[in-house]
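Visitor: I would like to understand the words people use when they describe a protein model. Could you take me through them, with the reasons behind each one?

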Amino acid sequence: MLKTTTSVVEGHEVREYLGVVVGEAILGANVFKDIFGSIRDIVGGRSGSYEQEMARARALAFADMEESAKGLGANAIIGIDIDYEVVGAQGAMMMVSVSGTAVQLR
C-alpha cells in the first residue's frame, strides 16, 4: 500500500476518499533501557535501545493504520501525520500515533 505525508501523489488521481485512518502503539520502557539511556545522556551519544523501541512502535502503528485502510478498500494513505508522546507515570511509556486519509487512487 502506498503511504505518503503529502496530500497528492504525482501521476495519480484520487478516485475516492474513504475516511481518516489511525494507528497507535504504546510500549513500556524497560528499566534496564532507562538506566543505560540515562548513562548515555550523561556521557553523550545515541541510545540504540530507545531508537529500536521507537522504530518498533512506529512499525506497529503504521501496520495498525494500514490494516484499517485495507478494511475500507483503500490502496493508499495520504496526508500521514506521525506523533510521538511520552505517557504514564514518570514517562514510563512511549506512544506513537499515526493518522492519514485512506483513498482509492487511479
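**Contacts, cores and burial**

Guide: In this predicted model, residues 24 or more positions apart account for 76% of the contacts in the protein chain with a separation of 6 or more.

Visitor: What makes two residues count as a contact?

Guide: A contact requires heavy atoms within 4.5 Å. Met65 meets that cut-off with Val21, Val22, Gly23, Ile77, Ile80, Val98, Ser99 and Gly100, leaving aside residues up to four places away in sequence.

Visitor: Why is a group of residues called a nonpolar core?

Guide: The name applies because its members are buried residues of listed kinds, such as Ala, Val, Ile and Met, joined through side-chain atoms within 4.5 Å. The largest nonpolar core here has 14 residues, and Val21, Met65, Ala69, Ile77 and Val98 touch the most other members. Two or more residues come from each of strand S2 (14-28), helix H2 (48-71), strand S3 (76-87) and strand S4 (93-105), and H2 gives the most, with five residues. Another core, of five residues, lies apart from it and includes Val9, Ala76, Ile78 and Leu105.

Visitor: What makes a residue buried rather than exposed?

Guide: A residue is buried when its relative accessible area is under 20%, and exposed when that area is over 50%. Of the 106 residues in the protein chain, 27% are buried.

Visitor: Which pattern does the protein chain follow along the sequence?

Guide: The pattern is β-β-α-α-β-β, in keeping with a protein chain that has two helices and four strands.

Note on methods
Residues are numbered from 1 along each chain as its sequence is written. This is a predicted model: local features need pLDDT of at least 70, side-chain atom pairs count only at pLDDT 80 or more; totals for chains, interfaces and linings use all residues. Side-chain values use heavy atoms; hydrogens and water are left out. Buried means under 20% relative accessible area, exposed over 50%, partly exposed in between (1.4 Å probe, protein chains only).
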